[in-house]
Amino acid sequence: MKLYAIADLHLRYAVTREALAAMPAFPDDWLIVAGDVGETEGHLRHALALLSRRFARLLWVPGNHELWTLPAQAGEPRGEAKYRRLVSICREHGVLTPEDPYVTWPGDGPGCVLAPLFLLYDYSFRPGEVPAAEAIAWAAEDNLLCSDEVLLHADPYPDKPSWCAARCLEAEPRLAAAAAQGPVVLINHFPLRYDLAVLPRIPRFSIWCGTRRTEDWHRRFNALAVVYGHLHIRGTAWRDGVRCEEVSLGYPQNYDHRRPIASYLREILPGPAAAESKRP
């Protein structure tokens with residue numbers, strides 16, 4: 001029994017929907033879906049209906065794209081209400097979300113608590129000399145503006161940093177209780193550390209990639225591993241002996257269509273056999 005992870009399916013692309021349709025069955029294994037399944041509720045329903053038939057259990061956390069309210073959806077829920085509606089869709093398919101009790105991993109490898117999170121971002125992933133109020137303008141100097149600034153609303157919070165702060169404060173006592181039980185796998189769409197939000201081609205996009213509030217959470221909450229996506233740069237990093245896994249598939253230009261999508265699943269538990277030998 002294994003725990004796999006993937007993120008950033010972006011099902012608005014036909015080539016990715018076709019690849020997902022060819023996903024083989026893993027009847028004994030669990031799958032983390034770490035956000036950005038798509039931009040519509042239809043994308044999320046499609047993915048969960050398919051994947052819940054091919055894995056024993058799914059865990060989902062939202063990405064920024066799921067939270068968008070598109071122009072054609074005027075009058076539809078925004079912000080927190082949109083998020084809660086997505087949680088309801090997940091529950092229709094028996095999928096665990098950040099709003100559900102954390103579960104203990106029952107499979108192979110170390111016993112640990114699986115902690116899905118929804119933490120958002122607050123523009124704090126920026127150099128110290130850039131004031132918070134100037135973060136978006138600083139990114140715009142490199143012709144960068146995230147679509148979230150138009151499509152992702154924070155209602156009823158005054159802004160996304162306020163929503164992010166509330167989500168972090170809500171998660172902290174739950175994670176502290178989990179960490180008291182043993183190791184934890186932290187699961188979030190966005191990286192938890194500024195030094196993981198490395199985007200060589202668009203470095204100033206980092207302001208839309210997380211919050212410094214979580215910089216020490218891998219140590220503070222006894223993390224065995226940290227799972228995230230969003231960057232579209234797959235890889236493994238180590239911080240203080242903790243394995244940090246970026247598990248995104250990404251846009252069609254970010255992966256090899258000749259490879260089966262199952263080859264992009266990242267094994268989180270029990271984990272790669274060589275992991276200990278590579279541990280710094």
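**Exercise 1. Decide whether H218 is buried or exposed in this predicted model, and describe its surroundings.**

Step 1. The relative accessibility of H218 is 4%, and since the cut-off for a buried residue is under 20%, H218 counts as buried.

Step 2. To place the residue in the fold, note that H218 belongs to helix α7, which covers residues 217-220.

Step 3. Turning to the side chain, H218 is joined to the side chain of D240 by a polar contact of 2.6 Å.

Step 4. When neighbours within four places in sequence are left aside, the residues in contact with H218 are L186, R193, A223, V226, R239, D240 and V242, so that D240 appears both in this list and as the polar partner.

**Exercise 2. Find which residues line the second largest cavity, and sort them by class.**

Step 1. The structure holds 2 cavities of 30 Å³ or more, and the second largest has a volume of about 40 Å³.

Step 2. Its lining is made up of L192, R193, L196, T214, E215, H218, V226 and C244; H218, the buried residue of the previous exercise, is therefore one of the lining residues.

Step 3. R193 and V226, which also belong to this lining, are among the contacts of H218.

Step 4. Sorted by class, the lining of the second largest cavity comprises 4 nonpolar, 2 polar and 2 charged residues.

**Exercise 3. Describe the largest cavity: what is its volume, and which helix gives the most to its lining?**

Step 1. The largest cavity encloses about 70 Å³ of space.

Step 2. Its lining consists of P98, Y102, P116, L117, F118, L119, R167, E170, A171 and R174, and α6 gives the most, with 4 residues.

Step 3. By class, this lining divides into 7 nonpolar and 3 charged residues, with no polar ones.

**Exercise 4. Compare the span of helix α3 with the expected value, and state what covers its buried residues.**

Step 1. Helix α3 runs over residues 79-92 and has 14 residues, which at 1.5 Å a residue should span 20 Å; the expected span is 1.5 Å times one less than the number of residues.

Step 2. The end C-alpha atoms of α3 are 21 Å apart, which agrees with that expectation.

Step 3. The buried residues of α3 are G79, E80, K82, Y83, L86, V87, I89 and C90, and the elements that cover them include α2 (41-51), β3 (55-60) and α6 (160-181).

Step 4. Just after the helix, G94 adopts a positive phi of about 70°.

Methods: Residues are numbered from 1 along each chain as its sequence is written. This is a predicted model: local features need pLDDT of at least 70, side-chain atom pairs count only at pLDDT 80 or more; totals for chains, interfaces and linings use all residues. Side-chain values use heavy atoms; hydrogens and water are left out. Helices (H or I, at least four residues) and strands (E, at least two) are DSSP runs, numbered from the N terminus. Buried means under 20% relative accessible area, exposed over 50%, partly exposed in between (1.4 Å probe, protein chains only). Contact means heavy atoms within 4.5 Å. A polar contact is a pair of N or O atoms within 3.5 Å; within protein, one must be able to donate a hydrogen and the other to accept it, and residues adjacent in sequence count only if both atoms are side-chain atoms. On a 1 Å grid over the protein atoms alone, a cavity is a set of points where a 1.4 Å probe fits but cannot get out, and a pocket is an open set with protein on both sides within 12 Å along at least five of seven lines; lining residues have an atom within 4 Å of a point. Grid points are joined across faces, edges and corners, and a volume is the space filled by probe spheres set on the points. Ala, Val, Leu, Ile, Met, Phe, Trp, Tyr, Cys and Pro count as nonpolar, Asp, Glu, Lys and Arg as charged, and the others, Gly among them, as polar.
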